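Got the viewer open? Follow along stop by stop, and I'll tell you what to select and what you'll find there.

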Amino acid sequence: MATSNPTGAALALWNPGADEHDPISARTYGFWLYLIGDALLFCSLFASYAVLDNPVNAAGGPLTAQVINTPHGLWQTFIILASVLAYSLGTVSLKNGNAAGVQLGILAALLLGGAFLYISGTDLWALAAQGNGPTRSAFLSVFFTLLLTHGLHMLFGILWMLVMLVQVGVLGFTKDVVGRLLNLRLFWQFQATMWVCVYFYVYLLGGAR
Amino acid sequence: MNPPKQRRASLLLKPLLALPALLLSGCTMAGIRLFHPAGLVAGAEMHYTLILVITMLIIIVPTLLMTIIFPLRYHHSRNAKYTPDWHFSLTIELLAWGIPFAIVAFLCYLTIQGVYAVNPWAPGILANAPGARQPPINVEVIATDWQWVFVYPDQGIATIDDLVVPSGRVVHLQMTATSNMNGFYIPQVAPMVDAMPAMESRDAFELDQPATYTGFSTDFSGAGFSWMQFSTRVVPQAEFDSWVASVQANPNQLTYAAFQKIAQPTVNAGAKPAYFSAPDKNLFGEVMTAAMQGVVYPVPDSFTKRVSDNSAQGAQAPASPQ
Amino acid sequence: MQVAVDGPWSPLLGRLSLAAIPYDNPILVSTFAVVALLGIVIIGAALYFGKLGYIWREWLTTVDHKKIGVMYIILGLVMLFRGFMDGAMMRTQQLLADGPNSPGYLGAQHGYLPPYHFDQIYTAHGTLMLFFAATPLVAGLGNLIVPLQIGARDMAFPYLNATSLWLTVSGAALCMISLFVGEFSNATWVGLMPFSEMPTNPGVGVDYWMWAFQLSSIGTTFNAINMIATIVKMRAPGMRWFRMPVYCWSSLTTNIIGLSIFPVVTVALTMLGIDRYFGTHFFTAGYGGNFMLYVNLFWIWGHPEVYFLMLPAFGLFSEIVPTFSNKALFGYPTMVAASFSIGGIGWVVWAHHFFTMGMGPELNGYFSAATMLVGIPTGVKAFNWLFTMYRGRITYATPMLWALIGLVLLLIGGLTGMMLSASVFDYTVHNSLFVVAHFHCMVLVIGAALFAGVTYWWPKVFGFKLDERNGQMYFWTFVLASLLVFVPLFYLGFAGVTRRLDYIYNPALKPLLWVSEGGIGMYFVSLFYFGKMLYVSLRDQIPAQADAWGTGRTLEWLTHTPVPFYNFAVTPQINARDELAWRKAKGVEGVQPTHYVPIHLPSNTAVPVIIGALATVFGFAMTWRIWWLSIASLLAIIIVVIIRSFDKNEGYVLSAEDIAKMENQVALASIIAEQPKRPALAQVEAH
Ligand code: HEA
Ligand code: HEA
Ligand code: CUA
Ligand SMILES: [Cu+2]
């Protein structure tokens, strides 16, 4: 709103309606910030892994090469990437406003994520059953913690997907729902990235040692 | 003896110090141990401390003066020169970044030099010490909850809370701990170094004059921490030898089994010493290995009673004939 | 008594039993009596005046950034008081337990506190002061002012904002509960390792500490995200980066630091938790555990954390010094650069907290040098404030006095910090009272800044100033007390006195300990003036101008005093760095908007406070190993969040007429006024 000052020149002092911000962009930005925090969380875990992946810290127990299942790791990588792809295909339907397509994409992503977790879970379980559980040595503590932290994130993502399946059906594509769908995509992609880091760092580099 | 060069530096510096000198005069009351260094290592620490204090004074005095003068001078009642819109000056900004930068550069140089001089692993300053020509005295230090065990592997003796060393010899200390981390410190003599379970750390010093000092733990380790003192006695070589002989004759032997009893949490109020002959040859290694295998000496409930229980503070060192 | 977590366990109550209640400790029982009495008085008064509903509707469930800020500040002040009482107890113990012949009281051998109790007190003091006094006060002022200074309606995520607050409160609540049920940690505020591990510390104290710390750091991380998003996304039109007030810059840097460090400590604490609950071996000495890893992770968080708290203090000084010098801030661009430098260097200096751990001279040398670099940008800040005052027109209002003393303390604390960072010197005073004196100078800078900030912005929020006369008395007595307490500690540190001693062996130190104790007495006098200041100001309530100090320069002074709950009736257009000063220079500071448009605001919600309550229950249940309750409360949190996500409430709209009415009668819109119920948007559409 322009006002003139005592000398007559036009000055812009007030700007009615300028406070309507784009909620989805702010929301996505905030979620990016959260992901930075999450990335630092994984960084700290990787750093700890680097410190403890060491014969001294294995305390006579196994090291990376003896505890990983490299073929499974490769399968898991494919599965998680497929899951991200499925979700992305779902978001293509979002653009067309196609609720069923979105739900189908999410469902596929969810099932693939479940398969991923199943493989992880059985592998870790088998390892623990051999007496090489997380309490065996500091190295195994960090090995389990790293994988389980990632798994927990995945589990959370799956829960989130379940909620979104319902919300897309019940609420339709409201601003909130669309914002959540977009953030969930970021989240899911981020977990896949983290898995690739795990795969590279633990399975490939660690396994080669 | 201090090397002449450094002695001169300190002599030059001391008169410059208005504030530390003031503090020095208070020494007799509170015993400012830092300002009574003994030996080369502590002497070097003192030397660097003095330079640091002076540098800080050089910064603090003018800045503090500005902090006092500006608010007084430009108080509104004084109608001093007023320039409400003056808010940038490249010269001042350059000085504001540049002067601290120069001082910091100097300080960095100084500290890096200093940290090599007193490096507990191998103090540079001891390299040319008079005692450096003789073989060093090795002492293994084991911090338990809450006592200090000193093992002399070469002499085949051990003590509790009593560190006895000959003058004019470099002393090499090797440290570890049973369950908790402690800080090993003899203020006037040696730099502070942590003694940690399952880890080995080192310290070194050399003293020329016989004297007695008090050392203690500086890193909190539980209920008995405040009482973790030990005496450090520097004695002439001859006296040291006869002391060693007398302890060697002590019937009390420090086997690992005996050590495990001593390592039970104990508040040794008053730092009553105990002496042992024939310590287990590899006691230090065994303590390290045990810690790595997860052996800890848990603190009994009597130390954690809600309202005090006297035994929590009054417990004595294990009875041990002298 | 240590409540062993490997003791008896029952499915219903976990390790909890009547024996956990310290009814045989006169100190704790009397504290409980006082706290309980206070609680009853407060709730009773609320009931008596019929305000319970008001408190629930307008405060506990609020999403308004200003009310959240005020609640943060109240939490901070209450915890500051509790932390002070801990400090007073510690000083008294050290005074009494001095020398082998010192007497013992209340059953203690020396002094009146047995070691185990004393250790809990300083652990609680450090934890409370940093996480539940300083952090909430900083976060509270940030919440209050940053949106106002950038001309925003609210924070970017109001609902998340309330959640941050209530998570912080739940951490504080756990600390308070630990006083009366069980015990607090005795492992120092840094959580010494392996001392905090199960084999050496099987009590619930460490768990209380860990959960309180963990919950509050999650709250702080959320707050950091929110602040950054607010500053980046919500600035009023025309507010370019280099028009932003320096306080906002420092909030931005601080929260960038916060976001980057809190995840690290979350990991460190989680690992400790896994060790303690599942028997893994991250930080034990045995089984390959590496407790140096904890020390590193902790200080990678811990050192930037001190700048996380200090930068907002610097920002505050940068607002207050120009206002009371009636002059623009000197060197604005280098101020911004200095903030970023401090934050940046702060990340790479952590190891100066453990020079004595036996790193080689190369590492110690590096960390010494890196640490010293911080002195440069900090010095730049100090000189810029000095040159702001130079050729100004200075008035000594209370906020300015606090800022000046803050500057002096910064010098003393900072230069002793520089000495500590020289590892050759640190080898002689590490873990001594010298370090304690160093960091108390520094945290008192923060304290001074917070008192300054509260006094400075109080009129903006409540519409009347704090009483100047008593405020200045409070100031002088507080400064005197601090000098009396901490100057002797520098001296004692040089004398070689270690920190965390519950018994001091050298009776020759008595005179100094008495001086220090005199300072504690003086603190009580200052608290009297603080109370009187509050009382007199609340009694008189002399209305303040929009620009309460007459020389304000930044945007927050443009809106009404007290600030309406919607901040600005119409979003201002920003034309200059110090917008208000610019408008004053143009003579248009009084020009009001000619018409109003409806404002969209979020509705209140009970979800955050419920999450906070459930988080407290969760922390408590985990501490006591009441597994069913832990699982139930965790599930409940998830369910509450899911239910809330189905909520169609889109906030409400404040009509132009309502705004016009409130603009003419500001008291109607003040944050303490009760608002009529306004229908939520989604419901409106349904009709
Ligand atoms: C807000 C809190 C805060 C702040 C801002 C600081 C700031 C600094 N701190 Fe401090 N510190 C703590 C809180 C803080 N500290 C705490 C809580 C601990 C103990 C933790 C524990 O163990 O419990 C601690 C401990 C601590 C240690 C470890 C001591 C030990 O345990 O042995 C060290 C060592 O390097 C250190 C150094 C510094 C330095 C160099 C700065 C610098 O940032 C200071 C910079 C400021 C100036 C230098 C003054 C102004 C500058 C000028 C006037 C310009 C001219 C100056 C020069 C050119 C030098 N601090
Ligand atoms: C922000 C941080 C902070 C602050 C402000 C303080 C403030 C104080 N501290 Fe603290 N302190 C620490 C952080 C802090 N401390 C830490 C981190 C440790 C290390 C712990 C450890 O070793 O693990 C420590 C340790 C510590 C010790 C232990 C020394 C030792 O190890 O031997 C002592 C002992 O004297 C002490 C004393 C004090 C005193 C007297 C104050 C005083 O300055 C307090 C002054 C405050 C007031 C006078 C209260 C004012 C209150 C109001 C105005 C509000 C009133 C309102 C209502 C009631 C609603 N502190
Ligand atoms: Cu500390 Cu090893
Ligand atoms: Cu630090």
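In which loop of chain B does W146(B) lie? Select the stretch between β1 (137-143) and β2 (148-152) of chain B, and you have the loop that holds W146(B). Bear in mind as you go that this is a predicted model.

**Stop 1: odd backbone in chain B**

While you're on W146(B), show the backbone back to D145(B): the peptide bond joining the two is cis, with omega at about -5 degrees. That deserves a look because most peptide bonds are trans.

Next, jump to A278(B), in the loop between β11 (274-277) and α8 (283-292) of chain B. Check its phi, which sits near 40 degrees, a positive value in a residue other than glycine. Turn on the surface too: A278(B) has a relative accessible area of 38% and so is partly exposed.

For a contrast in setting, go to A195(B) in strand β7 (residues 190-195) of chain B. Is A195(B) buried or exposed? Its relative accessibility is 0%, so A195(B) counts as buried. Now add G183(B) to the selection and draw a distance between the C-alpha atoms: A195(B) and G183(B) are 12 residues apart along the chain, and those atoms are separated by 5.8 Å.

**Stop 2: ligand 1**

Center on ligand 1 and bring up its surroundings. Which chains do the residues around ligand 1 come from? They come from chains B and C, so the site is shared between chains. There are 32 residues around ligand 1, and the ones that come nearest are Y307(C), D426(C), H430(C), H438(C) and R499(C).

Color by secondary structure to see who supplies the shell. From chain B, α5 (90-118) gives at least two residues. From chain C, so do each of α8 (291-325), α11 (375-389), α12 (398-421) and α14 (433-462). The largest share belongs to α12(C), with 8 residues. Recolor by residue class and the shell splits into 19 nonpolar, 11 polar and 2 charged residues.

Now put distances on the oxygen atoms of the ligand:

- Pick the side chain of D426(C): one of its N or O atoms is 2.5 Å from an oxygen atom of ligand 1.
- Pick the side chain of W189(C): here an N or O atom is 2.9 Å from an oxygen atom of ligand 1.
- Pick the backbone of S421(C): a polar atom there is 3.2 Å from an oxygen atom of ligand 1.

**Stop 3: ligand 2**

Move on to ligand 2. How many residues are around ligand 2? There are 30, with R91(C), H125(C), H440(C), R500(C) and Y523(C) coming nearest.

Show side chains as sticks and try these contacts:

- H440(C) has a polar side-chain atom 2.8 Å from a nitrogen atom of ligand 2.
- Y523(C) places a polar side-chain atom 2.8 Å from an oxygen atom of ligand 2.
- R499(C) has a polar side-chain atom 3.3 Å from an oxygen atom of ligand 2.

Then select the elements that give two or more residues to this shell: α3 (65-96), α4 (115-149), α14, α15 (468-494) and α16 (510-540) of chain C. By class, the shell around ligand 2 has 22 nonpolar, 5 polar and 3 charged residues.

R499(C) is worth keeping highlighted from the previous stop: it is among the residues that come nearest to ligand 1, and it also has that side-chain atom 3.3 Å from an oxygen of ligand 2.

**Stop 4: past α16 in chain C**

Follow chain C into the loop between α16 and α17 (579-586), where you'll find P562(C). The peptide bond from T561(C) to P562(C) is cis, with omega near -5 degrees.

Q541(C) is in the loop between α16 and α17 of chain C as well. Its phi is positive, about 45 degrees, although Q541(C) is not a glycine. With a relative accessible area of 41%, Q541(C) is partly exposed.

**Stop 5: a nonpolar patch**

Finish on the surface. Select F156(A), L159(A), L162(A), W9(C), W627(C), I631(C), L634(C), L635(C), I638(C), I639(C) and I643(C), which make a nonpolar surface patch of about 1000 Å². The elements giving two or more residues to the patch are α6 (138-171) of chain A and α19 (627-645) of chain C. Which element has the largest share of the patch? That is α19(C), with 7 residues.

Last click: F156(A), in helix α6 of chain A. At 46% relative accessibility, F156(A) counts as partly exposed.

Conventions:
Residues are numbered from 1 along each chain as its sequence is written. Chains are lettered from A and ligands numbered from 1 in the order in which they are written. This is a predicted model: local features need pLDDT of at least 70, side-chain atom pairs count only at pLDDT 80 or more; totals for chains, interfaces and linings use all residues. Side-chain values use heavy atoms; hydrogens and water are left out. A residue is near a molecule or strand if one of its heavy atoms lies within 4 Å of it. A polar contact is a pair of N or O atoms within 3.5 Å; within protein, one must be able to donate a hydrogen and the other to accept it, and residues adjacent in sequence count only if both atoms are side-chain atoms. Helices (H or I, at least four residues) and strands (E, at least two) are DSSP runs, numbered from the N terminus. Ala, Val, Leu, Ile, Met, Phe, Trp, Tyr, Cys and Pro count as nonpolar, Asp, Glu, Lys and Arg as charged, and the others, Gly among them, as polar. Patches are made of residues with over 30% relative accessible area and no salt bridge: like charges are joined within 9 Å, nonpolar side chains (Val, Leu, Ile, Met, Phe, Trp, Tyr) within 5 Å. Accessible areas come from the Shrake-Rupley method with a 1.4 Å probe; for residues, only the protein chains shown count as cover. A salt bridge is a side-chain nitrogen of Lys or Arg within 4 Å of a carboxyl oxygen of Asp or Glu. Buried means under 20% relative accessible area, exposed over 50%, partly exposed in between (1.4 Å probe, protein chains only).
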